[in-house]
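Work through the exercises below with the model open. Try each task before you read its solution.

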Amino acid sequence: MISLTPYENPSYFLMLFVALLPIVIGLLAGRKFHWYETLVSFFFLLMTFGGPKWHQGLALIGYLVFEMILVTLYDRYRKQKNDTWVFVLAVLLAIAPLVVVKMTPLLANGGNAIIGFLGISYLTFKAVQTVMELRDGTLKDYNPWFFLQFMAFFPSISSGPIDRYRRFRNDYEKVPDRDKYLGMLQKGVHYIFLGFVYKFMLSYFFGTFLLPRFEKVAMATPGLSWALVGVTYIYSMYLFFDFAGYSLFAVGTSYFMGIETPMNFKKPFLAHNIKEFWNRWHITLSFWFRDFIYMRLVFFFMKKKVFKSPKTTANVTYIINMGLMGFWHGLTWYYILYGFIHGFALVANDWWIAVKKKHPGRIPHNKFTEAFAIFMTFNFVCFTFLIFSGFLDKLLFAR
């Protein structure tokens with residue numbers, strides 16, 4: 001059986017075009033064929049997790065069944081009671097498979113967990129947010145069958161973006177009018193072609209052509225070097241264009257299916273500060289951490305009066321929130337350090353904003369200072385991406 005990684009080769013896009021054509025024709029005629037969309041999702045999941053990746057396919061099936069049963073049981077319990085300990089247990093069980101996958105390489109000398117599969121992180125975020133929305137009472141129309149469709153939506157299963165249950169269901173059930181759908185088709189074509197430029201041209205140029213050459217020179221040069229500076233910026237460009245390309249493919253494909261999946265990137269390297277950067281970079285992930293970890297921790301700390309000052313509460317929560325994001329990427333020193341650095345950077349950013357508000361007019365604000373802020377933010381982000389890349393681990397220890 002053929003096994004294809006999503007958005008990696010012409011065969012995948014050819015099959016995607018053929019499979020989406022009936023969906024497009026139906027939507028132009030004002031109809032949605034949900035049964036056909038389900039078949040398409042099943043087919044592409046089979047292409048992604050079949051053949052030599054059959055073990056990932058079995059893990060995906062087991063995972064989806066487990067999460068569906070867990071969330072359904074919690075939904076039924078939530079309609080009767082609202083005990084905190086049951087909610088906490090449901091969240092812990094929802095993230096348990098991901099924890100096993102992340103911990104296994106550390107405990108098994110680099111081995112991979114048998115329950116791991118491509119995209120398990122993003123599915124876990126969807127499952128956890130569904131449990132939390134049931135707890136809050138904001139999700140009142142939970143349906144187990146639709147939950148599986150929401151989780152297994154094939155355009156975004158491997159690399160996001162991370163959608164929300166209610167937003168996705170609204171698009172899934174609604175048929176856009178012809179003019180709106182024509183606009184969605186136009187945007188979808190634009191996003192897919194832009195994704196081609198990002199992924200197959202710019203990402204290839206920076207990641208495959210330039211990066212290995214600069215890494216080789218940097219490894220051969222003791223200490224700091226211009227080659228290491230080159231690695232810093234080249235890797236940052238590669239990371240952006242590669243990830244943004246995948247996200248554009250997912251969003252463009254979703255638009256063809258009448259689903260307005262949220263964008264994941266919005267010119268992040270033009271951010272004026274680190275907080276604005278996280279509002280532009282991997283947007284659905286940063287907003288997920290903001291809504292389901294940061295805000296809830298702030299509320300918990302304030303309710304329990306853990307800290308006297310709201311500012312201290314926010315600062316501590318920034319560090320915890322970004323530290324957890326670092327741990328999520330992997331249990332290595334460079335991922336964890338990357339997360340905590342960004343946490344402290346957010347604290348420093350709020351401090352600087354408070355200073356400017358306290359001394360209005362004393363600190364200039366003009367086009368030059370804005371350009372300088374963009375320059376500083378860009379360079380800081382690129383430096384942290386160098387840490388994130390793990391290249392320093394090879395440079396400092398492997399050599």
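The exercises cover salt bridges, a helix pair, a buried serine and a surface patch. The model is predicted.

**Exercise 1. Find how the side chains of Arg 166 and Glu 133 meet, and place both residues.**

Solution.
- Start with the pair. The two side chains form a salt bridge, at 3.9 Å from N to O. The cut-off is 4 Å, so this pair counts.
- Locate the partners. Arg 166 sits in helix α7 (residues 165-173), and Glu 133 sits in helix α5 (residues 120-136). They are 33 residues apart, and the pair links distant parts of the chain.
- Check exposure. Arg 166 has a relative accessible area of 42%, so it is partly exposed. Glu 133 has 5%, so it counts as buried.

**Exercise 2. Describe the salt bridge between Arg 169 and Glu 173.**

Solution.
- The N to O distance is 2.8 Å.
- Both residues lie in helix α7, four residues apart, which is about one turn of the helix.
- Arg 169 is buried at 15% relative accessible area. Glu 173 is partly exposed at 49%.

**Exercise 3. Which residues does the network around Asp 242 and Lys 199 join?**

Solution.
- Asp 242 and Lys 199 meet in a salt bridge of 2.5 Å, N to O.
- Asp 242 is in helix α9 (residues 226-256) and Lys 199 is in helix α8 (residues 178-220), so the bridge ties together parts 43 residues apart in sequence.
- Both residues are buried.
- Shared partners extend the picture: Glu 8, Lys 199 and Asp 242 form one network of salt bridges.
- For the whole model, the count is 14 salt bridges.

**Exercise 4. Are helices α13 and α14 roughly parallel or antiparallel?**

Solution.
- Take α13 (residues 333-358) and α14 (residues 367-389). They pack at about 155°, with axes 8 Å apart.
- Angles over 145 degrees count as roughly antiparallel. The two helices are therefore roughly antiparallel.
- Inspect the contact. From α13 come residues including Tyr 334, Tyr 338 and Ile 341; from α14, Phe 380, Phe 385 and Phe 388 are among them.

**Exercise 5. Is Ser 286 buried or exposed?**

Solution.
- Ser 286 is in helix α11 (residues 283-303).
- Its relative accessible area is 9%. Buried means under 20%, so Ser 286 is buried.
- Leaving out residues up to four places away in sequence, Ser 286 touches Trp 278, Trp 281 and Met 325.

**Exercise 6. Which residues form the nonpolar surface patch that includes Trp 54?**

Solution.
- The members are Trp 54, Leu 58, Ile 61, Val 65, Ile 69 and Leu 73.
- Together they have about 620 Å² of accessible area.
- Trp 54 lies in helix α3 (residues 54-78). At 54% relative accessible area, Trp 54 is exposed.

Conventions
Residues numbered from 1 in each chain as written. Predicted model: local features only at pLDDT ≥ 70, side-chain atom pairs only at ≥ 80, totals over all residues. Heavy atoms only, no water. Patch = residues over 30% accessible without salt bridge, like charges linked within 9 Å, V, L, I, M, F, W, Y side chains within 5 Å. Areas by Shrake-Rupley, 256 points an atom, 1.4 Å probe, with all protein chains shown as cover. Buried < 20%, exposed > 50% of the residue type's maximum accessible area, 1.4 Å probe, protein only. Axes fitted to C-alpha atoms, helices over the stretch in contact; angles between N-to-C directions. Parallel < 35°, antiparallel > 145°, perpendicular 65-115°, else oblique. Contact = heavy atoms within 4.5 Å.
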